Amino acid sequence: KMYMYEAPTDLEAFAEANNTVRLEWTASADSTVTEYYVYRANDINDDFQLLTTLPITALSYTDNAPLTMNAMNNTAYMVKAVKLQQTATGSFHNLSPGEITEGFSNNAPLPVQIISFNGKNNLDNTNTLFWQVAEEKNIERYEIERSADLKSYETIGVVNTISRNNVQQQYNFNDKTPLENNYYRLKIIDADNAIAYHDKIVHIKKTVEATPEILYPNPASNELFLSLTADYSDQAVQLTIFDMSGRVMMNRTEIIKPGNATINLGVGKFAIGNYILQYKKEDDLEIQHLKFTKVE
């Protein structure tokens with residue numbers, strides 16, 4: 001588009017007790033925007049339908065005729081900012097990108113505390129997701145959703161709660177048929193079918209055999225070098241080595257100096273066997289996994 005401006009942000013949907021849905025959002029960062037359109041879809045992959053025939057100026061909207069309660073948890077809402085765009089030849093009403101929310105927020109947080117949510121790629125190229133919870137009251141189940149692009153998600157597994165009390169619990173789920181590129185999120189459902197999402201997205205790429213140009217020598221006996229591309233220069237890189245049982249054998253951060261993107265991992269004290277090297281830029285979602293072998 002020739003004329004781009006900021007969409008509204010922080011859109012949330014609240015299912016109210018009187019069978020209505022209240023939407024709230026933060027205004028567009030563009031100070032000239034004063035009006036918004038509201039849309040609704042049966043689910044995130046369906047077509048969005050306009051709910052407001054005329055744009056509204058408020059930063060909230062109540063859907064007085066939402067979908068039936070059986071379908072409401074899949075409902076997606078979208079809000080777009082609209083402003084009158086002046087050009088040399090005339091004017092038109094210009095729409096911003098849409099801010100989308102899927103499912104419903106809660107007026108109060110669900111009664112569970114997620115201590116951690118992580119994942120790893122296994123030697124057989126399955127992915128294991130694991131999370132630890134505390135203060136788990138009235139929680140019915142957890143659902144694992146997967147995406148290849150951070151846009152559309154599908155449910156790939158359900159894990160029922162072990163108990164509904166305050167005991168700290170550890171859960172896991174094994175994705176036996178992962179994609180080349182996987183983004184996972186954790187959906188939490190209580191006994192009243194209220195839902196919430198954990199705010200962390202776990203990203204796992206399929207493990208590949210390390211080529212000599214990236215990780216060498218492989219197999220390695222004492223020294224093992226990781227060669228990175230130039231775009232890692234001046235970056236902090238997190239390096240973690242796992243054994244095949246998932247135990248962390250090494251965990252450190254290296255600052256990559258310009259012109260020297262090679263790191264000596266030093267595996268001389270490791271036991272003979274196979275290992276997984278995980279590395280990523282410190283503030284990046286992109287995680288790389290490489291397999292190597294330690295020999296005498």
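So, what order do the three strands of the open sheet have? The order is 1-2-5, and the pairing is antiparallel. Strands here are DSSP runs of E with at least two residues, numbered from the N terminus, and two of them count as paired if DSSP finds at least two bridges between them.

Quick housekeeping before I go on. This is a predicted model, so to speak: local features need pLDDT of at least 70, side-chain atom pairs count only at pLDDT 80 or more, and totals for chains, interfaces and linings use all residues. Residues are numbered from 1 along each chain as its sequence is written, and side-chain values use heavy atoms, with hydrogens and water left out.

Okay, back to that open sheet, with its order 1-2-5. At its edges sit strand 1 (9-15) and strand 5 (60-63), each pairing on one side only. From one strand to the next, the twist averages 15°; the axes for that are lines fitted to C-alpha atoms, with angles from 0 to 180 degrees between N-to-C directions. Strand 2, residues 21-26, runs antiparallel to strand 5, and the two share four bridges. If you want a spot to click on, Leu23 has Tyr61 in strand 5 as its bridge partner.

Strand 5 also gets us to the salt bridges, meaning a side-chain nitrogen of Lys or Arg within 4 Å of a carboxyl oxygen of Asp or Glu. By that rule there are 10 salt bridges. One of them joins Asp63 to Arg40, with the closest N and O atoms 2.7 Å apart. Asp63 is in strand 5 and Arg40 in strand 3 (residues 35-41), so this pair links distant parts of the chain, 23 residues apart. Now, buried or exposed? Asp63 is buried at 4% relative accessibility, and Arg40 is buried too, at 17%. The cut-offs are under 20% relative accessible area for buried, over 50% for exposed, and partly exposed in between, with a 1.4 Å probe and protein chains only.

Next pair: Glu145 and Arg185, a salt bridge at 2.5 Å, N to O. Glu145 belongs to strand 10 (residues 139-147) and Arg185 to strand 13 (residues 181-190), 40 residues apart, again distant parts of the chain. Glu145 comes out buried at 5%, and Arg185 is buried at 13%.

Arg247 and Asp243 are a mixed case: their salt bridge is 3.1 Å, N to O, but Arg247 is exposed at 52%, whereas Asp243 is buried at 12%.

Last one: Arg141, Glu143 and Lys187 are linked in a network of salt bridges. That's me done.
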